[in-house]
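Got the viewer open? Load the model, switch on side chains, and follow along stop by stop.

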Amino acid sequence: MGDAPRYDDAPAWDGVPMPRRLGAIAAVACGVGLAVLDGTIANVALPTIARELEISPADSIWIVNAYQLAIMVTLLTFSALGDIAGYRRVYTSGLALFTLASLGCTLAGSFRMLVLARAVQGIGAAAVTSVNTTLIRTIYPRRHLGRVEHGGDLGHADARHHPGG
């Protein structure tokens, strides 16, 4: 158990300065939003995709399964890789892979190519989502963590909303 990294020995980090902080948060939010939205869009479009590719509904589910399985299989690996190689590097590499795989999905001429492209897309999405909370943690200064939108910390926000508090 003594082999675990000691983060309390690391130099103090106080987040990304404004206005770069806003751009960093927007980049993380957009990347994660794309990864989540992509899974939802595929579910909605699945009947149309099946009809266009002339495949059965039972086969078409692999378009969604490939994406979800790729995320589940690689998520923890990318999280650990973020500790080793850097969170930003994992995030940007994942976003690039996700984007290229999206192009692959667009250009896929067959069911098998689409499923393969969706699996690669899922690997990219796993890289993006595996490090997003750590990136947010490093983007914001410590004094801003745990605060609600209007500036109160979580404990005070909770007390204001209780009738007895």
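Start by selecting Cys30: this cysteine is exposed, with a relative accessible area of 52%. On the scale used here, buried means under 20% relative accessible area, exposed means over 50%, and partly exposed is in between, with a 1.4 Å probe and protein chains only. Now pick Cys105, which counts as buried at 17% relative accessibility. Don't go hunting for a bond between sulfurs, as the structure holds zero disulfides, a disulfide being a pair of cysteine sulfur atoms within 2.5 Å.

A word on ground rules before moving on. This is a predicted model, so local features need pLDDT of at least 70 and side-chain atom pairs count only at pLDDT 80 or more, while totals for chains, interfaces and linings use all residues. Residues are numbered from 1 along each chain as its sequence is written, and side-chain values use heavy atoms, with hydrogens and water left out.

Switch to cartoon for the overview. You should see six helices and zero strands, giving the pattern α-α-α-α-α-α along the sequence. Helices (H or I, at least four residues) and strands (E, at least two) are DSSP runs, numbered from the N terminus. Of the 165 residues in the chain, 28% are buried.

Next, select Arg118 and Asp38. How far apart, N to O, are the side chains of Arg118 and Asp38 in their salt bridge? The answer is 2.4 Å. This pair links distant parts of the chain: Arg118 sits in helix α4 (residues 111–130) and Asp38 in helix α1 (residues 20–53), 80 residues apart. A salt bridge here is a side-chain nitrogen of Lys or Arg within 4 Å of a carboxyl oxygen of Asp or Glu, and a search of the whole structure finds one. Both partners are buried: Arg118 at 4% relative accessibility, Asp38 at 16%.

Keep Arg118 selected and add Tyr67. Arg118 lies over the face of Tyr67, at 4.3 Å from the ring centre. To count, NZ of Lys or CZ of Arg must be within 6 Å of the ring centre and within 35 degrees of the ring normal.

Stay in α4 and pick Ser130. Is Ser130 buried or exposed? Ser130 is buried, with a relative accessible area of 11%. Add Gly82 and draw a C-alpha to C-alpha distance: 8.2 Å in space, against 48 residues in sequence.

For another long-range contact, go to Ile139 in helix α5 (residues 132–139). Ile139 counts as buried at 5% relative accessibility. Its C-alpha is 4.6 Å from that of Gly15, although the two are 124 residues apart in sequence.

Now for the surface. Select Ile61, Trp62 and Leu69, which form a nonpolar patch with about 280 Å² of accessible area together. Patches are made of residues with over 30% relative accessible area and no salt bridge; like charges are joined within 9 Å and nonpolar side chains (Val, Leu, Ile, Met, Phe, Trp, Tyr) within 5 Å. The areas come from the Shrake-Rupley method with a 1.4 Å probe, and for residues only the protein chains shown count as cover. Ile61 lies in helix α2 (residues 57–85) and counts as partly exposed at 34% relative accessibility.

Last stop: Glu54, in the loop between α1 and α2. Check the backbone here, where phi is near 55 degrees, a positive value in a residue other than glycine. Glu54 is exposed, with a relative accessible area of 73%.
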